[in-house]
Amino acid sequence: MPRVYISDPRGKQYRKRNEDDLNAAATEVKNGISLRKAAENYNVHYSTLQRWVKANGKRRTIGGQTVLDADMENMIVERLVKCAEWGYPMDTMDLRMIVKHICDKKGIVIKRFKDNMPGHEFALSFLKRHAKSITPRICQNIKRARAAVSPEQIDNYFNKLEVSIEGIPSSNIINYDETNLSDDPGRSKVIAKKGMKYPERIMNSTKSATSIMFAVSGDGVVLPTYVVYKSTYLYGPWRNGAPKGTRFNCSKSGWFDTKCFEDWVFTVAIPYLKKLDGPKVLIGDNLSSHLSCDAINMCAEIGAKFVFLPANSTHLTQPLDVAFFRPLKQTWRTILKEWKKGPGRKEPSVPKSIFPTLLNKLITALEPNRRSNIISGFEKCGIIPLNRNKVLSMIPNANTPESSIVDSFVVEDSVLNILKDLRYETPPKTRSKRTRLNVEPGKSVGVSSSESENGDDEEHVDKPDFLLTNIDAPDIMNVDEMNTDTQDNTDPDDEINSPDTQDNIDPDEINSPDSNDQTIPVTIAPNVKYVEINNSIKIVQNIYDIDISDINVGDWLLVQYHSDMYICKVSKIGVIEFEGEFLRKKPSLKKDSDFMLFVYPQVPDLYEFMYDQIIGKLDPPAIKRGIHKFNVIF
């Protein structure tokens with residue numbers, strides 16, 4: 001079926017049924033009137049009324065039916081909306097994976113789907129069915145620091161802002177911020193030959209940019225601009241053609257430093273504020289270069305005070321960022337592209353002598369919508385009029401329902417808790433130890449499998465601490481018989497028991513009576529996994545007796561990775577996947593010890609593993625001074 005079906009106008013036209021008439025006729029049928037009589041009274045077809053009564057008023061859509069029912073689709077929509085609100089939106093591939101997971105979990109096999117995986121057309125149809133609730137959009141990335149701004153921080157900011165701007169008119173509230181106008185006009189759609197994948201446009205551009213300080217008042221007035229060039233000196237032609245009142249300065253980096261900011265306050269902000277009556281407020285970010293004691297003291301003398309925005313919140317609380325800079329940059333790219341097509345087509349970049357003229361065109365082009373954009377920016381940021389809910393509505397809050405879907409499909413608390421941890425929880429900053437390799441120039445090095453105690457990387461072949469094998473013997477064998485075959489193969493200089501690997505372990509702890517446990521001889525049956533170490537055999541788990549329902553959070557498991565086995569403590573349980581915190585081996589000082597000691601590493605080793613990697617469960621270890629000792633031969 002095509003993606004957009006258009007019926008043939010020459011085909012048979014079905015009469016559209018009236019649900020009110022159908023409901024009224026169904027009510028009469030329930031009251032005892034026959035189906036045919038009720039159909040005649042309301043001019044409804046007999047079979048149509050019969051299906052309506054049988055379905056209890058649930059309308060069946062014309063054509064093919066959806067794979068999932070309406071309730072399940074609404075639940076999926078609710079989760080998609082909630083994930084997008086919390087900054088983790090999903091794409092069409094995620095939607096298809098969700099549907100596959102639901103079908104697999106419920107045991108539903110859809111013949112139209114390959115391996116129960118919906119196709120791309122299914123995702124498009126799903127979005128079309130729920131176009132009133134969800135729609136595809138191009139997202140923008142924000143840093144985790146910006147996403148971590150919580151409702152509590154916004155509430156604290158507005159509590160102080162309410163006191164600071166109380167009784168101050170909108171014309172006396174000034175918002176200032178710096179931005180840059182780049183030399184790159186960006187990409188745009190062009191007409192090219194069909195099938196051409198990478199059309200090119202000849203146009204010079206660089207990564208350079210010019211810094212400008214903008215300041216606007218709450219009533220829509222734009223203060224004179226302040227331009228900072230990247231240069232050591234200023235020259236006369238760099239000012240020609242600029243907007244009226246524009247000030248110019250320079251710095252080595254091309255960005256605003258403390259001196260430039262102070263000069264902007266003394267030459268632009270204070271002259272404008274002196275013309276205003278009553279108290280004044282300057283609202284800006286808390287950038288270090290915007291903090292100047294001299295500027296604060298000078299503004300205080302004329303009755304003006306500074307109000308700084310919360311850190312990493314300017315995308316929510318600063319009017320210039322919210323409603324002014326976006327149309328500014330769009331208009332600038334248009335002006336820059338026109339100039340590069342005409343007079344500047346041979347210029348490698350925008351000359352500083354031409355920049356003031358282009359800036360004047362920019363300010364003039366913004367004139368029609370400039371005032372309305374500024375006023376809407378102050379309103380969106382909740383400053384004029386003061387309304388903190390304007391900002392809080394842009395931050396997800398797990399305490400209040402924000403969904404427009406039916407309340408019965410509100411996401412569970414567990415899903416909200418996961419999203420809240422992803423957005424607000426700060427991951428621990430761990431830095432692994434780095435070692436410098438002593439390599440001669442021109443020589444190559446291989447992959448290091450371990451790191452020595454002094455921090456130098458060593459290349460060596462890993463010596464396995466134990467051997468994992470499968471026994472396929474037809475008869476039951478005794479452990480002692482098997483040990484006689486392997487007794488002569490024991491390495492007396494085992495890496496584990498060598499003096500070079502001794503660690504600072506308390507001798508009393510190692511030689512405690514707990515470590516003298518003896519292993520009871522056992523018999524090994526076919527299809528049993530076992531561990532063979534130091535002439536001893538220990539049954540771990542029958543590979544056919546592991547039950548996934550017996551595995552709980554906090555259990556100790558023996559997990560196989562490639563040819564090695566590791567011990568972990570289960571931290572999370574999924575459908576067929578698990579997550580555990582793995583231990584690290586700690587060699588024993590005791591030569592004849594049959595037990596291996598384990599400790600948690602400084603950096604937690606959290607890894608996921610599948611059900612088929614689990615060898616068996618272990619008894620809880622004996623813990624003493626952070627060292628875990630398991631009652632199993634390793």
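Me: In this predicted model, what distance separates the end C-alpha atoms of helix α8 (residues 151-164)?
Reply: Helix α8 holds 14 residues, and at 1.5 Å a residue these should span 20 Å. The distance in the model agrees with that expectation, because the end C-alpha atoms are apart by 20 Å.

Me: How wide an arc around the axis do the buried residues of α8 cover?
Reply: The buried residues of α8 are Pro151, Ile154, Tyr157, Phe158, Leu161 and Ser164. They lie on the same side of α8, because the arc that they cover around the axis is only 135 degrees.

Me: Which residues are exposed on the other side of α8?
Reply: One side of α8 carries the buried residues, among them Ile154, Phe158 and Leu161. On the other side, the exposed residues are Glu152, Lys160 and Val163.

Me: How far apart are the end C-alpha atoms of helix α5 (residues 92-106), and how wide is the arc of its buried residues?
Reply: The 15 residues of α5 should span 21 Å at 1.5 Å a residue, and the end C-alpha atoms agree with this at 21 Å apart. The buried residues of α5 are Leu95, Arg96, Val99, Ile102 and Cys103. They are placed on the same side of α5, because they cover an arc of only 125 degrees.

Me: What separation along helix α5 lies between Lys100 and Asp104?
Reply: Lys100 and Asp104 form a salt bridge whose closest N and O atoms are 3.2 Å apart. Lys100 is partly exposed at 22% relative accessible area, and Asp104 is partly exposed at 42%. An α-helix has 3.6 residues a turn, so residues three or four places apart point the same way. Because Lys100 and Asp104 are four residues apart in helix α5, their separation is about one helical turn.

Me: Is Glu73, the salt-bridge partner of Arg129, buried or exposed?
Reply: The side chains of Arg129 and Glu73 meet at 2.8 Å, N to O. This pair links distant parts of the chain, 56 residues apart, with Arg129 in helix α6 (residues 120-129) and Glu73 in helix α4 (residues 70-85). Arg129 is partly exposed at 38% relative accessibility. Because its relative accessibility is 4%, Glu73 counts as buried.

Me: How many residues apart in sequence are the parts tied together by Asp555 and Lys617?
Reply: Asp555 forms a salt bridge with Lys617, and their closest N and O atoms are 3.5 Å apart. Asp555 lies in the loop between β13 and β14, whereas Lys617 lies in strand β20 (residues 614-618), so the parts tied together are apart in sequence by 62 residues.

Me: Which of these two partners, Asp555 or Lys617, is buried?
Reply: Lys617 has 39% relative accessibility and therefore counts as partly exposed. A relative accessible area of 18% falls under the 20% limit for buried residues, so the buried partner is Asp555.

Me: Where does Ile548, a member of a nonpolar surface patch, lie?
Reply: The patch covers about 400 Å² and is made by Ile548, Val575, Ile576, Met610 and Tyr611. Ile548 counts as partly exposed because its relative accessibility is 32%. The place of Ile548 is in the loop between β13 (536-542) and β14 (556-561).

Me: How many disulfides does the structure hold, and is Cys299 buried or exposed?
Reply: The structure holds zero disulfides. Cys139, at 55% relative accessibility, counts as exposed. Cys299 has a relative accessible area of 0% and is therefore buried.

Methods: Residues are numbered from 1 along each chain as its sequence is written. This is a predicted model: local features need pLDDT of at least 70, side-chain atom pairs count only at pLDDT 80 or more; totals for chains, interfaces and linings use all residues. Side-chain values use heavy atoms; hydrogens and water are left out. A disulfide is a pair of cysteine sulfur atoms within 2.5 Å. Buried means under 20% relative accessible area, exposed over 50%, partly exposed in between (1.4 Å probe, protein chains only). Helices (H or I, at least four residues) and strands (E, at least two) are DSSP runs, numbered from the N terminus. The expected span of a helix is 1.5 Å times one less than its number of residues. The arc is that of the directions from the helix axis to the C-beta atoms. Patches are made of residues with over 30% relative accessible area and no salt bridge: like charges are joined within 9 Å, nonpolar side chains (Val, Leu, Ile, Met, Phe, Trp, Tyr) within 5 Å. Accessible areas come from the Shrake-Rupley method with a 1.4 Å probe; for residues, only the protein chains shown count as cover. A salt bridge is a side-chain nitrogen of Lys or Arg within 4 Å of a carboxyl oxygen of Asp or Glu.
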